[in-house]
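Visitor: I have a structure open on my screen and would like a guided tour. Could you take my questions in turn?

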Amino acid sequence: VGCGLTEAYTPSFVADGDFRLPEPLSTEAAALRTALLGSLVDAARYNVAAGNTDIALFELARVYPRGADGDLPDERGHVAGVVEGGFAEAKWAVEQIYSALGIEPGYERSSDPSLHPGKSAKTAEGWLGELHPALLEGVWAAFELDLDALAAAAPQAAAFDEVSPYPEVRQDLAFVVTDDVPAAEILVAIREAAGELLR
C-alpha cells in the first residue's frame with residue numbers, strides 16, 4: 001500500500017495446478033494455485049476492460065505447490081504485484097519490501113517465459129520483471145516473492161502486540177497526594193499495579 005498499490009483478493013482456485021479438485025465447480029476453478037501472478041493478471045485485465053487506468057495491484061496470499069513428499073502441498077505465503085509501467089516500477093516495489101525487512105536483495109538474470117526477455121530478474125526469494133506482451137497488452141511490470149523465505153532471511157523478526165478483542169475503557173483518575181510526591185512516582189506505581197493491561 002505504501003508503494004501505491006491497491007490490495008486485491010483473488011480466488012485460490014484456478015484452472016490448472018499441482019492439486020486438482022476431485023469435483024470442481026467449474027473448469028476455471030479446478031485446482032489450487034501454485035502462484036499468484038495468473039490471478040493478478042486476470043484482475044488487471046478485468047480492470048482494463050472496465051476502463052480503469054494507472055492500475056497497480058498486489059496480493060498477499062497462500063500458494064499450494066507440490067511438497068517434497070508429493071502427497072501434500074507445500075503451503076507458502078507469497079506477495080505479488082502487477083503494475084502498469086516498465087521494469088523500474090516492479091523493481092522499486094520489490095526494493096521497498098526488502099528494505100522494510102532489512103534484507104539486501106541480490107539480482108540475477110531470469111528466463112521466465114511469462115516475462116519479457118532482457119527485462120526480468122530473479123532474487124533468492126522470487127522474481128520481478130516486465131510482463132511478456134503476449135500475457136497482457138501494453139507495458140506491465142510484475143513481481144512475486146516468497147514471504148516465508150523473506151521472513152527466514154530477515155535479520156530480526158518484527159514483533160507486534162495482538163489487538164485486544166475487548167473494547168478499551170478510558171478513565172480519568174485524580175489522586176490526592178502531598179506536595180513532596182513527584183508525578184513520576186505516581187506513574188511508576190500505576191504502571192506496576194496495572195501491568196500489561198494499561199496503555
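Guide: Happily; what follows is a set of questions and answers on this model, which is a predicted one.

Visitor: Let's start with S39. Is S39 buried or exposed?
Guide: S39 lies in helix α1, which covers residues 37-49. Its relative accessible area is 9%. Buried means under 20%, so S39 counts as buried.

Visitor: Which residues does S39 touch, not counting residues up to four places away in sequence?
Guide: We have just seen that S39 is buried, and you can look for its surroundings from helix α1. With residues up to four places away set aside, the ones S39 touches are T10, P11, V14 and R33.

Visitor: Now to V163. Is V163 buried or exposed?
Guide: V163 sits in the loop between α3 (147-153) and α4 (183-194). Its relative accessibility is 71%. The cut-off for exposed is over 50%, so V163 is exposed.

Visitor: How many Å apart are V163 and P117 in space, C-alpha to C-alpha?
Guide: In sequence, V163 and P117 are 46 residues apart. In space, the C-alpha to C-alpha distance between V163 and P117 is 46 Å.

Visitor: How far does α4 reach from its first C-alpha to its last?
Guide: α4 has 12 residues, and at 1.5 Å a residue a span of 16 Å is expected. The reach found in the model is close to that expectation, at 17 Å.

Visitor: Which residue follows α4?
Guide: Helix α4 covers residues 183-194. The residue that follows has a positive phi, near 70°, and is G195.

Visitor: On to the strands. Is E130 buried or exposed?
Guide: You will find E130 in strand β9, residues 126-131. Leaving aside neighbours within four places in sequence, E130 is in contact with several residues, including G86, F87, L115 and H116. The relative accessible area of E130 is 10%. With buried set at under 20%, E130 is buried.

Visitor: Which residue of β8 is the bridge partner of R109?
Guide: Strand β7 (residues 108-109) and strand β8 (residues 115-123) pair in the antiparallel sense over two bridges. A hairpin of five residues joins β7 to β8. In β8, R109 has as its bridge partner A121.

Visitor: And which residue in β9 stands opposite K122?
Guide: β8 and β9 also pair in the antiparallel sense, over five bridges. The hairpin that joins β8 to β9 runs through two residues. Opposite K122 in β9 stands W127.

Visitor: What about rings: over which ring does the charged end of R66 sit?
Guide: A search of the whole structure for aromatic pairs finds zero. A charge over a ring is a separate matter, and the charged end of R66 is 4.7 Å from the centre of one. That ring belongs to F19.

Visitor: Let's turn to charges. How many residues apart in sequence are the parts that the pair of D148 and R62 ties together?
Guide: The structure holds 10 salt bridges. One of them is between D148 and R62, with the closest N and O atoms 3.8 Å apart. D148 lies in helix α3 and R62 in strand β5 (residues 56-63), so the pair ties together parts whose separation in sequence is 86 residues.

Visitor: How far apart are the closest N and O atoms of R76 and D148?
Guide: R76 forms a salt bridge with D148, and its closest N and O atoms are 3.9 Å apart. This pair links distant parts of the chain, with R76 in strand β6 (residues 76-84) and D148 in helix α3, 72 residues apart. R76 is partly exposed at 22% relative accessibility, and D148 is partly exposed at 29%. To return to the distance you asked for, it is 3.9 Å.

Visitor: Which residues are linked with D148 in a network of salt bridges?
Guide: D148 forms salt bridges with R62 and with R76. The network that includes D148 also links R62, E75, R76 and D146.

Visitor: One last pair: with which residue does E168 form a salt bridge?
Guide: E168 is exposed, with a relative accessible area of 59%. Its partner counts as exposed too, at 73% relative accessibility. The closest N and O atoms are 2.7 Å apart, and the partner of E168 is R170.

How values were computed:
Residues are numbered from 1 along each chain as its sequence is written. This is a predicted model: local features need pLDDT of at least 70, side-chain atom pairs count only at pLDDT 80 or more; totals for chains, interfaces and linings use all residues. Side-chain values use heavy atoms; hydrogens and water are left out. Helices (H or I, at least four residues) and strands (E, at least two) are DSSP runs, numbered from the N terminus. Buried means under 20% relative accessible area, exposed over 50%, partly exposed in between (1.4 Å probe, protein chains only). Contact means heavy atoms within 4.5 Å. The expected span of a helix is 1.5 Å times one less than its number of residues. Rings of Phe, Tyr and Trp (its six-membered ring) pair if their centres lie within 6.5 Å; planes under 30 degrees apart count as stacked, over 60 as edge-to-face and the rest as tilted. A charge sits over a ring if NZ of Lys or CZ of Arg is within 6 Å of the ring centre and within 35 degrees of the ring normal. Two strands pair if DSSP finds at least two bridges between them. A salt bridge is a side-chain nitrogen of Lys or Arg within 4 Å of a carboxyl oxygen of Asp or Glu.
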